[in-house]
Amino acid sequence: MRLTTLTLALFPMAAFAAGGGSATPPTPSETTTQCAEGQVFDLATQSCMDPVESTNDDSARLDDVRELAYAGYYQAALDVLDTLEDPQVPLALTYYGFNHRKAGRVDRGMAYYDAALAADPNNFLARSYMGQGHVASGDLVLAQAQLTEIRMRGGRDTWAEASLVQAIITGKGASY
């Protein structure tokens, strides 16, 4: 308990969960408050619909993915990712990794993190999530290696660093 308190004092952002580079959870929207599971709120029509029918742009879809993942709807988040115009952008690859890992497909999730890092080696979020996956698998050496990479690449005092530190200390990763 004392170590966790010390960590929070040294890394105040460690109290926050990760996602999208933000230290705050996604704000619930109509996607999770009104739509049936698997549907998203279409901004143009102001209605719930299947992701493949939505007119939302990729930015809005990625917001939906983050919100769905936070709510624990990993398959629904993956379904939305599959509708992106450009699913190869580093953030999309990172979210694919997160949702596959959280859905129990750890190897597939790690492969997506590798792809995200190949596209952008300074993707702190992918490094943090990958490190959290290593924590969940019990490999603290590989988790620490990702923390070192985050710090060496300029990611000190970011949410990605703080959430990975918290995961290493507590053994629990972020929920988004």
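Visitor: Where is glutamine 46 found?

Guide: Glutamine 46 is found in the loop between β1 (40-42) and β2. Before we go further, please keep in mind that this is a predicted model.

Visitor: Is glutamine 46 buried or exposed?

Guide: Residues over 50% relative accessible area are called exposed. Glutamine 46 has a relative accessible area of 52%, so it counts as exposed.

Visitor: What is the phi of glutamine 46?

Guide: Start with the general idea: most residues other than glycine have a negative phi. Here, glutamine 46 has a positive phi of about 55 degrees, although it is not a glycine.

Visitor: Which other residue can I look at for a positive phi?

Guide: Try aspartate 157, a residue other than glycine with a positive phi near 65 degrees. Aspartate 157 lies in the loop between α8 (140-152) and α9. With a relative accessibility of 62%, aspartate 157 is exposed.

Visitor: Let us step back to the fold. How many helices and strands are there in the protein chain?

Guide: The protein chain has 9 helices and 2 strands. Following the sequence, you meet them in the pattern α-α-β-β-α-α-α-α-α-α-α. The protein chain has 176 residues, and 44% of them count as buried.

Visitor: What share of the contacts joins residues at least 24 apart?

Guide: Take the contacts between residues at least 6 apart in sequence: 54% of these join residues at least 24 apart.

Visitor: How do I read a pair of packed helices, and at what angle do α7 and α9 pack?

Guide: Look at the angle between the axes, and then at how far apart the axes run. Helix α7 (residues 124-136) and helix α9 (residues 159-170) pack at an angle of about 5 degrees, and their axes are 9 Å apart. Angles under 35 degrees count as roughly parallel, so α7 is roughly parallel to α9.

Visitor: Which residues make the contact?

Guide: On the α7 side, they are Phe124, Leu125, Arg127, Ser128, Tyr129, Gly131, Gln132 and Val135. The α9 side gives Trp159, Ala160, Ser163, Leu164, Ala167 and Ile168. Sorted by class, the contact of α7 with α9 has 9 nonpolar, 4 polar and 1 charged residues.

Visitor: Now to the spaces. How many cavities of 30 Å³ or more does a search of the whole structure find?

Guide: The search finds 1 cavity of 30 Å³ or more. A cavity is a space where a probe fits but cannot get out, whereas a pocket is open. The largest cavity holds about 40 Å³ of space.

Visitor: Which residues line the largest cavity?

Guide: Its lining is made of Arg66, Ala69, Tyr95, Phe98, Asn99, Tyr129 and Tyr176. Helices α3 and α5 are the elements that give two or more residues to that lining, and the largest share, 3 residues, comes from α5. By class, the lining of the largest cavity has 5 nonpolar, 1 polar and 1 charged residues. Tyr129 may ring a bell, as this cavity-lining residue also takes part in the contact of α7 with α9.

Visitor: And how much space lies in the largest pocket?

Guide: About 250 Å³ of space lies there. The largest pocket has 17 lining residues, with Ser29, Ala60, Asp63, Asp64 and Glu67 nearest its centre. Two or more lining residues come from each of α2 (30-33), α3 (58-70) and α5 (90-102). Helix α3 provides the largest share of this lining, 6 residues. The lining of the largest pocket has 7 nonpolar, 5 polar and 5 charged residues.

Visitor: Let us finish with two single residues. Where does asparagine 56 lie, and which residues does it touch?

Guide: Asparagine 56 lies in the loop between β2 (47-49) and α3. Buried means under 20% relative accessible area, and asparagine 56, at 8%, is therefore buried. Leaving aside residues up to four places away in sequence, asparagine 56 touches Phe41, Asp42, Leu43, Ala44, Arg61 and Asp64. Asparagine 56 and aspartate 42 are 14 residues apart along the chain, and their C-alpha atoms are separated by 6.0 Å.

Visitor: Is phenylalanine 41 buried or exposed?

Guide: Phenylalanine 41, in strand β1, counts as buried at 8% relative accessibility. Beyond residues up to four places away in sequence, phenylalanine 41 touches Glu30, Thr31, Gln34, Cys35, Gln46, Ser47, Cys48 and Asn56. That list includes Gln46, the loop residue with which we began.

How values were computed:
Residues are numbered from 1 along each chain as its sequence is written. This is a predicted model: local features need pLDDT of at least 70, side-chain atom pairs count only at pLDDT 80 or more; totals for chains, interfaces and linings use all residues. Side-chain values use heavy atoms; hydrogens and water are left out. Axes are lines fitted to C-alpha atoms, for helices over the stretch in contact, and angles run from 0 to 180 degrees between N-to-C directions. Helices (H or I, at least four residues) and strands (E, at least two) are DSSP runs, numbered from the N terminus. Angles under 35 degrees count as roughly parallel, over 145 as roughly antiparallel, 65 to 115 as roughly perpendicular and the rest as oblique. Contact means heavy atoms within 4.5 Å. Ala, Val, Leu, Ile, Met, Phe, Trp, Tyr, Cys and Pro count as nonpolar, Asp, Glu, Lys and Arg as charged, and the others, Gly among them, as polar. On a 1 Å grid over the protein atoms alone, a cavity is a set of points where a 1.4 Å probe fits but cannot get out, and a pocket is an open set with protein on both sides within 12 Å along at least five of seven lines; lining residues have an atom within 4 Å of a point. Grid points are joined across faces, edges and corners, and a volume is the space filled by probe spheres set on the points. Buried means under 20% relative accessible area, exposed over 50%, partly exposed in between (1.4 Å probe, protein chains only).
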